[in-house]
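Hi there,

Here is the structure I promised to pass on. Have a look at it first, and then read on for what I found.

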Amino acid sequence: MNLTSDQLIFWQHGFLKLNQTIVTTWAMMLVMALGATLLTRRLVTEGKISRWQGALEIIITTLEAQIKDVGLAEPRRYLAFLGTLFLFVATCALCIIIPGYKPPTESLSTTAALALCVFIAVPLYGIREQGVGGYLKTYTQPTIIMLPFNIISELSRTLALAVRLFGNMMSGVMIVGILLTITPFLFPIVMTALGLLTGMVQAYIFTILAGVYIAAATLVPKPQSVPVPSPKAAS
């Protein structure tokens, strides 16, 4: 049994490989892009809306509310990035009901790529809000002694994002595969349902953590107000 979809190689020339993870990832992106194009081509702003538009508005409104809850006051500015992360991970999890399908998120290369996107997006959003100097200054807060620790924290949380998603997604697929060899009917159905729930939870956690990191990077420190002595205290 292949532990990950990286082990199933369709084509190889030297160090170049085309494995199942790459094929599945591009297929997922193609399906999502095509689905988004079809679902958004007849959106209306007045009158009766379709069921698909209603469902899309519910998803977008929920995502905006969750983004705002993590401390990002203008969720529309981050919706494209965080919403894409959530929809990709969630779609990969939902497709496990397809026989023979292995989610690309069970591969460490995919989860590392997603975490790398967050690693790059955090300073970009931080620089956009605070400027280069203001963002770099946050690494020296509260004192300059914290500079190496803040840098290590930045790198370690990216690694934690990748490993957490990879471990949770791969463990679910492995458990289903093991139970499939023991009891081929009852347990796989139950574990597949549990895998769907776990995948959606992991998509939510990954997106919320990315939002928290961005919120921390875009938080502009407020200037400390100097207390003014009252006339009575001065006298």
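The protein chain has 7 helices and 2 strands. Starting at the N terminus, the order of its elements is β-β-α-α-α-α-α-α-α. Please keep in mind that this is a predicted model.

A few overall figures to begin with. Of the 235 residues in the protein chain, 31% are buried. The chain exposes about 15100 Å², and carbon and sulfur atoms supply 72% of that area. If you take the contacts between residues at least 6 apart in sequence, 67% of them join residues at least 24 apart.

**The N-terminal end**

You may like to colour the nonpolar side chains here. L8, F10, W11, F15, L16, L18, I22, V23, W26 and M29 form a nonpolar patch on the surface, and together they have about 1000 Å² of accessible area. Three elements each supply at least two residues of this patch: β1 (9–13), β2 (16–19) and α1 (20–39). The largest share, 4 residues, comes from α1.

One patch member to click on is L16, which sits in strand β2. L16 counts as partly exposed because its relative accessibility is 43%, and the partly exposed class runs from 20% to 50%.

Helix α1 also holds T24, and this residue is a buried one, at 12% relative accessibility. Leaving aside residues up to four places away in sequence, T24 touches Y101, K102 and P104.

**Helices α3 and α4**

How do α3 and α4 run relative to each other, parallel or antiparallel? The axes of helix α3 (residues 76–94) and helix α4 (residues 108–137) come within 12 Å and cross at roughly 170 degrees. That angle makes α3 roughly antiparallel to α4, since angles over 145 degrees count as roughly antiparallel. On the α3 side, the contact is made by R77, Y78, F81, L85, F88 and V89. Facing them from α4 are T110, L114, C117, V118, A121, Y125, R128 and E129.

Two residues of that contact, R77 and E129, also form a salt bridge, with their closest N and O atoms 3.1 Å apart. Because R77 lies in helix α3 and E129 in helix α4, the pair ties together parts that are 52 residues apart in sequence. R77 is partly exposed, with a relative accessible area of 35%. E129 is partly exposed too, at 27%. The pair belongs to a network of salt bridges that links E74, R77 and E129.

**Where α3 meets α2**

Next door in sequence to R77 you will find R76, which forms a salt bridge with E64; their closest N and O atoms are 1.9 Å apart. This pair links distant parts of the chain, with R76 in helix α3 and E64 in helix α2 (residues 51–69), 12 residues apart. What about burial of the two partners: is R76 buried or exposed? R76 is exposed, with a relative accessible area of 61%, whereas E64 is buried, with 16%.

E64 turns up again among the neighbours of L79, a residue in helix α3. Not counting residues up to four places away in sequence, L79 touches I60, L63, E64, I67 and T84. L79 counts as buried because its relative accessible area is 14%, and the cut-off for buried is under 20%. The C-alpha atoms of L79 and L63 are separated by 7.4 Å, although the two residues are 16 apart along the chain.

**Further along the chain**

After α4, look at the peptide bond from Q141 to P142: it is cis, with omega near 0 degrees. P142 lies in the loop between α4 and α5 (147–182).

Within helix α5, the side chains of E154 and R157 meet in a salt bridge (3.0 Å, N to O). These two residues are 3 apart, about one turn of the helix. Both partners are buried: E154 has a relative accessible area of 11%, and R157 has a relative accessibility of 18%. The count of salt bridges comes to 4.

If you want a place to start browsing, I would try the contact between α3 and α4, and then the nonpolar patch on the surface.

Best wishes

Key. Residues numbered from 1 in each chain as written. Predicted model: local features only at pLDDT ≥ 70, side-chain atom pairs only at ≥ 80, totals over all residues. Heavy atoms only, no water. Patch = residues over 30% accessible without salt bridge, like charges linked within 9 Å, V, L, I, M, F, W, Y side chains within 5 Å. Areas by Shrake-Rupley, 256 points an atom, 1.4 Å probe, with all protein chains shown as cover. Buried < 20%, exposed > 50% of the residue type's maximum accessible area, 1.4 Å probe, protein only. Axes fitted to C-alpha atoms, helices over the stretch in contact; angles between N-to-C directions. Parallel < 35°, antiparallel > 145°, perpendicular 65-115°, else oblique. Contact = heavy atoms within 4.5 Å.
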